[in-house]
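Colleague: I am new to this structure and would like a close look at a single part of it. Please take one residue, describe its surroundings, and work outward from there.

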Amino acid sequence: MPGLPARCPRPRDLRRGAVLTWVFLVAVGAAASTGCWDRTGAAATAGSAAVLPSVRTSAPAPQASRPAGTADREAVARAAAEAVAEGKSGKKAAQEVVSRSGDRWGAVYDQGEYAAFAEDLDGRWTGVGLWAGRGRGGRVEVERVQPGGPAARAGLRAGDRLLSVDGQAVTGLAVADVVALLRGAAGTPAVLCLSRDGADFTETLRREQLRAEPVTVRELPGGITVIKVASFTRGSGERVRAAVRAAPAGARLMLDLRGNPGGLVTEAVTAASAFLDGGLVATYDVRGTQRALYAARGGDTTRPLVALVDSGTMSAAELLTGALQDRGRAVAVGTRTFGKGSVQMPTRLPDGSVAELTVGTYRTPGGRSLDGAGITPDVPADEGAEERARTVLGGLGVGP
């Protein structure tokens, strides 16, 4: 394999074993009323593509109002249809159009890859248990490892560089394509070649079906309840509401959104409803039309609340943070968030693959755009952010 050693030795500190792979594909969603995801996509072109059941977003903007740096859905679908008619790959042709468009979040997936999204959004997936991301120069690196999963048991850790999967080099590949290589049927092996501290090594892992708990709760001394939201999968918003209701009387709340890559926007809106008594959560535009997302009534508006964020806080998690910050409900502590506030939508292409294209952007209740800017915390804190958050909570009074 070009660019890789024929054999990757295994370092002594790694234990051989099955590893699970979860490379969580992020997205930014759309409306509860239309039933939406939060990723990317396009709508149907006449006779060539069927609009998918809306899980994240809905129909994209026409050419005249299409946001800058996004792909034209009709051009994408047309390229796929022409390729299929010529006996070529519709997915590949669509990918080329998306790549040329400059759509940062646009992507094309085959049926199996897209089905994996449905599993992710249910909080389950089949793979090998890593969060992977793009590093400098097209490098693919392990960002996080599923706690207690095979990756952790095998000793893989954040910062390991992924060189190849089953003999195919991954440097320079889109994260979605790396995910496709890591996915597969439960029980099948995945041979990963990695590098750590300049030493290459190989691990043969076995794909398994995994499930994660998106919301966990713990108590800190001093009457602080920490609600950690790992991602906004189905049911996570209601779990946040239940955690707030179950918090001890007089408890101060810490909402930990660090490393949360987003997920379903509708779940983020439900989570916002745990802390707000109705009102605006976010606005977004599709086809030049402004739409709005609102919290349900009856949330807890009295307990002191801090939202912990960092550069891994993305999309739907940023939407929630921005709403709580703009509404004066929470003090944000940590580092600047990632800055993904765009709306994407799915479209089925003629060969069954799915294109997701950017169609608009979100704004906070105060009118701030998240895309490219992220959320600036009220109280900057990097190392020791949780301790800083505890100090901030200690200075917040309990409302009437």
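Modeller: Take Thr270, which lies in helix H7. The model is a predicted one. Thr270 has a relative accessible area of 23%; buried would require under 20% and exposed over 50%, so Thr270 counts as partly exposed. Leaving aside residues up to four places away in sequence, Thr270 touches Gly237, Glu238 and Arg241. Another residue to look at here is Arg239, 31 residues from Thr270 along the chain; the C-alpha atoms of the two are separated by 9.4 Å.

Now the helix itself. H7 covers residues 265-272, and 6 of its 8 residues are buried, so the helix is largely enclosed by the rest of the structure. Those buried residues are Val265, Glu267, Ala268, Val269, Ala271 and Ala272. They pack against helix H6 (236-246), strand S13, strand S14 (289-294), helix H8 (316-326) and strand S18.

H7 also takes part in the largest nonpolar core. In general, nonpolar side chains tend to be buried together in soluble globular proteins. The largest core here has 40 residues, and Phe232, Leu255 and Phe275 touch the most other members. At least two residues of this core come from each of strand S11 (224-229), H6, strand S12 (252-256), H7, S13, H8, strand S17 (342-348) and S18. H8 gives the largest share, 6 residues.

Phe275 shows what such a position looks like in detail. Not counting residues up to four places away in sequence, Phe275 touches Val240, Val244, Leu253, Leu255, Gly299, Asp300, Thr301, Leu305, Leu324 and Arg329. Apart from the largest core lies another, of 18 residues, including Leu130, Val140, Val145 and Leu205.

Two of the strands packed against H7, S13 and S18, are also linked by an aromatic pair. A search of the whole structure finds 3 aromatic pairs. One of them joins Tyr284 and Tyr362, with 5.3 Å centre to centre and 45° between the planes, and is tilted. Tyr284 lies in S13 (residues 280-286) and Tyr362 in S18 (residues 354-363), so the pair ties together parts that are 78 residues apart in sequence. Tyr284 has 1% relative accessibility and so counts as buried. Tyr362 also counts as buried, at 1% relative accessibility. Another of the pairs, Tyr109 with Tyr114, is tilted as well, at 6.4 Å centre to centre and 40° between the planes. Both Tyr109 and Tyr114 are buried.

After S13 the chain passes through a loop to S14, and Gly288 is found in that loop. Gly288 has a relative accessible area of 67% and is therefore exposed. The C-alpha atoms of Gly288 and Val359 are separated by 9.4 Å, although the two residues are 71 apart along the chain.

S18 has a further neighbour in helix H1: the buried residues of H1 pack against helix H2 (90-101) and S18. The buried residues in H1 are Arg73, Ala75, Val76, Ala77, Ala79, Ala80 and Ala83. H1 runs over residues 73-85, and its 13 residues should span 18 Å at 1.5 Å a residue; the end C-alpha atoms are 18 Å apart, which agrees.

Some sites elsewhere can be set beside this part. The charged end of Lys340 sits over the ring of Trp105, 4.5 Å from its centre. Two aspartates have positive phi values. For Asp166, which is not a glycine, phi is near 50°. Asp166 lies in the loop between strand S5 (161-165) and strand S6 (168-169), and at 43% relative accessibility it counts as partly exposed. For Asp197, also not a glycine, phi is about 55°. Asp197 lies in the loop between strand S7 (189-196) and strand S8 (199-206), and at 76% relative accessibility it counts as exposed.

Last, the chain as a whole. The chain holds 9 helices and 19 strands. Of its 400 residues, 53% are buried. Of the contacts between residues at least 6 apart in sequence, 72% join residues at least 24 apart. The accessible surface comes to about 16000 Å², with 50% of it belonging to carbon and sulfur atoms.

Notes. Residues are numbered from 1 along each chain as its sequence is written. This is a predicted model: local features need pLDDT of at least 70, side-chain atom pairs count only at pLDDT 80 or more; totals for chains, interfaces and linings use all residues. Side-chain values use heavy atoms; hydrogens and water are left out. Rings of Phe, Tyr and Trp (its six-membered ring) pair if their centres lie within 6.5 Å; planes under 30 degrees apart count as stacked, over 60 as edge-to-face and the rest as tilted. Buried means under 20% relative accessible area, exposed over 50%, partly exposed in between (1.4 Å probe, protein chains only). Helices (H or I, at least four residues) and strands (E, at least two) are DSSP runs, numbered from the N terminus. A charge sits over a ring if NZ of Lys or CZ of Arg is within 6 Å of the ring centre and within 35 degrees of the ring normal. Contact means heavy atoms within 4.5 Å. Accessible areas come from the Shrake-Rupley method with a 1.4 Å probe; for residues, only the protein chains shown count as cover. A nonpolar core is a set of buried Ala, Val, Leu, Ile, Met, Phe, Trp, Tyr and Cys residues joined through side-chain atoms within 4.5 Å. The expected span of a helix is 1.5 Å times one less than its number of residues.
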